[in-house]
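Student: I'd like to talk through a protein chain with you, one question at a time. Could you pull it up?

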Amino acid sequence: MTTLLIGDGEATAHALTAALALGGEVHILDLPPNVLAEPLAQLIRDLDGYDAIVAPATSTGKNLLPRVAALLDVMVISDVIEVVSPDTFKRQSYAGNAIETVQSTDARKVVTVRASAFPPTPTDGIKTVSLGPSETTLSRIVSEDAQKAAGPELGSAKIVVSGGRAFGSKEKFDQLLQPLAQKLDAAIGASRAAVDSGYVPNDLQVGQTGKIVAPEVYIAVGISGAIQHLAGMKSSKV
């Protein structure tokens, strides 16, 4: 069995653990900057010799792999938290309150994995592959406005400090949470209510419709504990 792992930043090392659990050989395709899902999906579809295609369940992976699966006419198995066998996987549903065991009979498996559910594996020595140019002109990059977080990346941080709507304002949120996060070398997260109130950008949202985190320590300040938020952090150790 040969697996193609779609690399996506720090999540690649975690996803590699899941890809290796399928058995056989793993090749890594590092994504180029400013990646567009439409042309990339067609290029991946045309790659031969891969029994499985795996990517972290990041916004990029969730955008890309369903397109690949549709082009291959196979099912996509999303947000996997455990690899049982090369054709059987476990994933959460109902905001993490139920665990589904999914078995695929497709000849090629297309899988996104929850990076926080797997420990990292060093990518040194893993064969890398590259793609040729795309002829698709259906979409193009017009502009990019990237924001760089000052502390650790939210999805892989060992400590996460999250704030909620109870802070009352962006100024209070920054005044109280920023020094604490810096002191603990922690990443900053937020509830959806805090994001909707404009305290932080939406890429810091933790929850069912935000990022899934599983740090060693999770500190929630001024968060009510709605089930949608719990779904994003319930795997935290403390």
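Student: How much area does the protein chain expose, and what share of it do carbon and sulfur atoms supply?
Tutor: Bear in mind that this is a predicted model. The protein chain exposes about 12,500 Å². Carbon and sulfur atoms supply 51% of that.

Student: What radius of gyration does the protein chain have, set against a compact globule?
Tutor: Start from the chain length: with 238 residues, a compact globule would come out near 18 Å. The C-alpha atoms fill a box of roughly 55 × 40 × 30 Å along the principal axes. The chain's own radius of gyration agrees with the globule value, at 19 Å.

Student: And what percentage of the residues count as buried?
Tutor: The cut-off to hold on to is under 20% relative accessible area. Out of 238 residues in the protein chain, the buried share is 42%.

Student: Among contacts with a separation of 6 or more, what percentage comes from residues 24 or more positions apart?
Tutor: The chain has six helices and 11 strands. For contacts at a separation of 6 or more, residues 24 or more positions apart account for 66%.

Student: Which elements do the buried residues of helix α2 pack against?
Tutor: Helix α2 covers residues 37-45, and its buried residues are A37, P39, L40, A41 and I44. In general, an α-helix has 3.6 residues a turn, so residues three or four places apart point the same way. The buried residues of α2 pack against β1 (2-7), β2 (25-30), β3 (52-56) and α3 (59-72).

Student: L29 sits in strand β2; which residues does L29 touch beyond those up to four places away in sequence?
Tutor: L29 is buried, with a relative accessible area of just 3%. Its C-alpha lies 8.8 Å from that of K127, 98 residues apart along the chain. Skipping residues up to four places away, L29 touches L4, L5, I6, G7, I44, V129, S130 and L131.

Student: Is R114 buried or exposed?
Tutor: R114 is found in the loop between β7 (109-113) and β8 (127-129). Leaving aside neighbours within four places in sequence, R114 is in contact with A57, D79, V80, I81, Q92, I212 and A231. Its relative accessible area is 8%, and the cut-off for burial is under 20%. So R114 counts as buried.

Student: D73 and D79 both caught my eye for phi. Which of these, D73 or D79, is buried?
Tutor: Most residues other than glycine have a negative phi. D73 has a positive phi of about 60°, and phi of D79 is near 55°. D73 lies in the loop between α3 and β4 (76-85) and counts as exposed at 68% relative accessibility. D79 is in strand β4, and at 16% relative accessibility the buried one is D79.

Student: Which residue in the turn between β5 and β6 has a positive phi?
Tutor: Strands β5 (residues 88-93) and β6 (residues 98-103) run antiparallel, joined by six bridges. S93 has A98 as its bridge partner in β6. The two strands form a hairpin with four residues between them, and the turn residue with a positive phi, about 50°, is Y94.

Student: Last one: how far apart are the mean positions of the positive and negative charges?
Tutor: The protein chain has 20 positive and 25 negative charges. Take the mean position of each set, and the separation is 7 Å.

Conventions:
Residues are numbered from 1 along each chain as its sequence is written. This is a predicted model: local features need pLDDT of at least 70, side-chain atom pairs count only at pLDDT 80 or more; totals for chains, interfaces and linings use all residues. Side-chain values use heavy atoms; hydrogens and water are left out. The radius of gyration is taken over C-alpha atoms; the globule rule is 2.2 Å times the number of residues to the power 0.38. Buried means under 20% relative accessible area, exposed over 50%, partly exposed in between (1.4 Å probe, protein chains only). Contact means heavy atoms within 4.5 Å. Accessible areas come from the Shrake-Rupley method with a 1.4 Å probe; for residues, only the protein chains shown count as cover. Lys and Arg count as positive and Asp and Glu as negative; His and the chain ends are not counted. The place of a charge is taken as NZ of Lys, CZ of Arg, CG of Asp or CD of Glu. Two strands pair if DSSP finds at least two bridges between them.
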